Amino acid sequence: MSSFHVENFGCRATQADGAALERQFESRGLSRASSNDADLVILNTCTVTSSADQDARAAIRRVQRQNPLAKIIVTGCYAQRAPEEIAALPGVTCVIGNSHKHQLAEIALGNPADGFIPVANLTAAARSPEREARLFVSDIFASDIFVSDIFAHTELLAAPVFEFANRESGNHLQDRTRPNLKVQDGCDNRCSFCVIPSVRGHSRSLPVSEIIREVNTLVGAGYRELVISGINLGRWGRDLAVSSQLSALSENRSFVAQGHKPEFRQPRFENLIRTILAETQLEKLRISSVEPMDWTDDLISLVASSPRIAKHAHVPMQSGSDAVLRRMHRKYRPWHYREKIEKIHAAMPIAAIGADVMTGFPGETDAEFEATHRFIEELPFTYLHVFTFSARPGTPAAAMPDQVPVHIARERNKILRDLASEKKQAFMQSFVGKQLEAITLAQHSPDGKFTEALTDNYQKFFLEGRHEANRWINGHVESLTDGVLVGTAA
């Protein structure tokens, strides 16, 4: 094998995993290539909806058709959830779940560690229930399967992902902006509709030292804005607190034996933010999605007061109905959520405030949907990500009664998207005639007359003329055209 191609599907966390996979192969001397030319094609899948599964299957068929000599490796969340289903598809060489993604290159290149010996090849004496759990190669599949209990794994892949990366132009700095670094993976919540915990495992955090090293490397390379992300980002550090306490106990047994009680400082997300600001020269830090219960007063104050933190808050909501939130097993009530959003808006009046919202959750009545619609109308959202419920196998919601007909769920989806569009339009219009700080991207408008930029508060901004990428510019907003702010460098 001399070349590889990684294709990512789904969320930023999957993209971050894909970047880490690229590091694995490059460290072993392989070069990148297009999916049509690569010897090894890795499909890094998503499974958050049924359409995500369909996209992965379509990609397998496409690669097999366009590059029939390639070895196709399927990994990611879909591979973790339904490995046998994927292994049965024509063209698939190997299925590697999230549980073994951290050693994917080792497996794909034929050098697996002892822990990866297929169960079918083990002697009876070497077998054990633990080893055999779900790590196997079945005689009925042509593909190898490497999947085990995700909750038994503590690994976390981490590598920066670059927005607007242009892989074909040599991957130079000017072709990449706004790196995204995953600092947390997994989730300990058990929302009734969500399959993610079962395919990504327990919440686990990248240690502070590794985060600072990555950030300083990126700053040293010239990047000015960094996005930190995770599956449940606000829970960063909780697992580190447990491991550090166990370590402290083992090192201070005599201290404990004498009756003293050791004091432990639990790493908190806010502390991570302060450490990044204190120990790096990063010009701008952007925080991706954080659950409402993790938007503490301290975090809101920190984001509002620091000019080095982007004025942007994404706060997943899912529903504005108390009854629906309870069926979803969400950990907050509408009044809790309202309080958080109002505090964020009061502290940062020009901040972008966004949310994830779901329509068509099982049992959602007209009155419950109307409660969500009214809730959104009353709050200062500037954008929404609206999703239609998709039943995921094995989740409690998939078996709930009163499943909402798809056509009704989609109608509700459109109503909320229309409302979100109105709110976004009004928010953007409020900046006409004012100045905003924005970072230039590597993209240009279709006619080539403008350079695309992104404002501190997450608005697309077309600046007249051609400007070098990765530069902070104060722009004067002259108009709002086709959903984009248009202006000139101040």
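# Working through a fold, one residue at a time

Glu370 counts as partly exposed, with a relative accessibility of 36%. Keep in mind that you're looking at a predicted model.

**Exercise 1. Place Glu370 and Thr372, and decide whether Thr372 is buried or exposed.**

Step 1: Find the element. Glu370 is in helix α15, and Thr372 is found in helix α15 too.

Step 2: Check the cover. Thr372 has a relative accessible area of 2%. Buried means under 20%, so Thr372 is buried. Glu370, at 36%, is partly exposed.

Step 3: Look at what surrounds Thr372. Skip its neighbours within four places in sequence, and you'll find it in contact with Met317, Ser319, Gly320, Ser321, Val357 and Leu416.

Step 4: Go back to Glu370 and pick out Ser321. These two are 49 residues apart along the chain, yet their C-alpha atoms are separated by 8.4 Å.

**Exercise 2. Describe the ring pair of Phe4 and Phe25: what are its distance and its angle?**

Step 1: Know what to look for. A pair of aromatic rings is described by how far apart the centres are and by the angle of the planes.

Step 2: Get the overall count. The structure holds nine aromatic pairs.

Step 3: Read off the geometry. Phe4 and Phe25 sit 5.1 Å centre to centre, with 20° between the planes, and the pair is stacked.

Step 4: See what gets joined. Phe4 belongs to strand β1 (residues 3-8) and Phe25 to helix α1 (residues 12-27), so this pair ties together parts that are 21 residues apart in sequence. Both Phe4 and Phe25 are buried.

**Exercise 3. Now try Tyr337 and Phe375: which kind of pair do they form?**

Step 1: Take the two values. The ring centres are 6.1 Å apart and the planes meet at 50°, so the pair is tilted.

Step 2: Place the partners. Tyr337 is in helix α14 (residues 334-347) and Phe375 in helix α15 (residues 366-378); they're 38 residues apart, and the pair links distant parts of the chain.

Step 3: Check burial. Tyr337 has 1% relative accessibility and counts as buried. Phe375 is buried as well, with a relative accessible area of 6%.

Step 4: Widen the view. Ring pairs join Tyr337 and Phe375 with Tyr332 and Phe381 in a cluster.

**Exercise 4. Which residues touch the most other members of the largest nonpolar core?**

Step 1: Find the core. It has 63 residues, and Phe269, Tyr337 and Phe381 touch the most other members.

Step 2: Ask which helix gives the most. That's helix α11 (residues 269-279), with five residues.

Step 3: Zoom in on Phe381. Leaving out residues up to four places away in sequence, Phe381 touches Met317, Tyr337, Ile341, Ile353, Gly354, Ala355, Ile376 and Lys423.

Step 4: Look elsewhere. Another core lies apart from this one; it has 22 residues, including Leu43, Ile72, Val74 and Val147.

**Exercise 5. Is the loop residue Gln459 buried or exposed, and what does its side chain reach?**

Step 1: Locate it. Gln459 is in the loop between β17 (450-455) and β18 (460-464).

Step 2: Judge the cover. With 3% relative accessibility, Gln459 counts as buried.

Step 3: Follow the side chain. It reaches the backbone oxygen of Asn457 at 2.9 Å.

Step 4: List the partners farther along the chain. Setting aside residues up to four places away in sequence, Gln459 touches Ala352, Phe427, Met428, Ala453, Leu454 and Leu485.

**Exercise 6. Compare two loop residues with positive phi, His329 and Asp482.**

Step 1: Recall the background. Most residues other than glycine have a negative phi.

Step 2: Read the angles. His329 isn't a glycine, but has a positive phi of about 65°. For Asp482, phi is near 50°.

Step 3: Place them. His329 lies in the loop between α13 (322-328) and α14, while Asp482 is in the loop between β19 (472-481) and β20 (484-489).

Step 4: Check exposure. His329, at 43% relative accessibility, counts as partly exposed. Asp482 has 79% and counts as exposed.

**Exercise 7. Zoom out: how many helices and strands does the protein chain have?**

Step 1: Count the elements. There are 16 helices and 20 strands.

Step 2: Look at burial. Of the 490 residues, 52% are buried.

Step 3: Look at the surface. The chain exposes about 21,700 Å², and carbon and sulfur atoms supply 50% of that.

Key: Residues are numbered from 1 along each chain as its sequence is written. This is a predicted model: local features need pLDDT of at least 70, side-chain atom pairs count only at pLDDT 80 or more; totals for chains, interfaces and linings use all residues. Side-chain values use heavy atoms; hydrogens and water are left out. Helices (H or I, at least four residues) and strands (E, at least two) are DSSP runs, numbered from the N terminus. Buried means under 20% relative accessible area, exposed over 50%, partly exposed in between (1.4 Å probe, protein chains only). Accessible areas come from the Shrake-Rupley method with a 1.4 Å probe; for residues, only the protein chains shown count as cover. Rings of Phe, Tyr and Trp (its six-membered ring) pair if their centres lie within 6.5 Å; planes under 30 degrees apart count as stacked, over 60 as edge-to-face and the rest as tilted. A nonpolar core is a set of buried Ala, Val, Leu, Ile, Met, Phe, Trp, Tyr and Cys residues joined through side-chain atoms within 4.5 Å. Contact means heavy atoms within 4.5 Å. A polar contact is a pair of N or O atoms within 3.5 Å; within protein, one must be able to donate a hydrogen and the other to accept it, and residues adjacent in sequence count only if both atoms are side-chain atoms.
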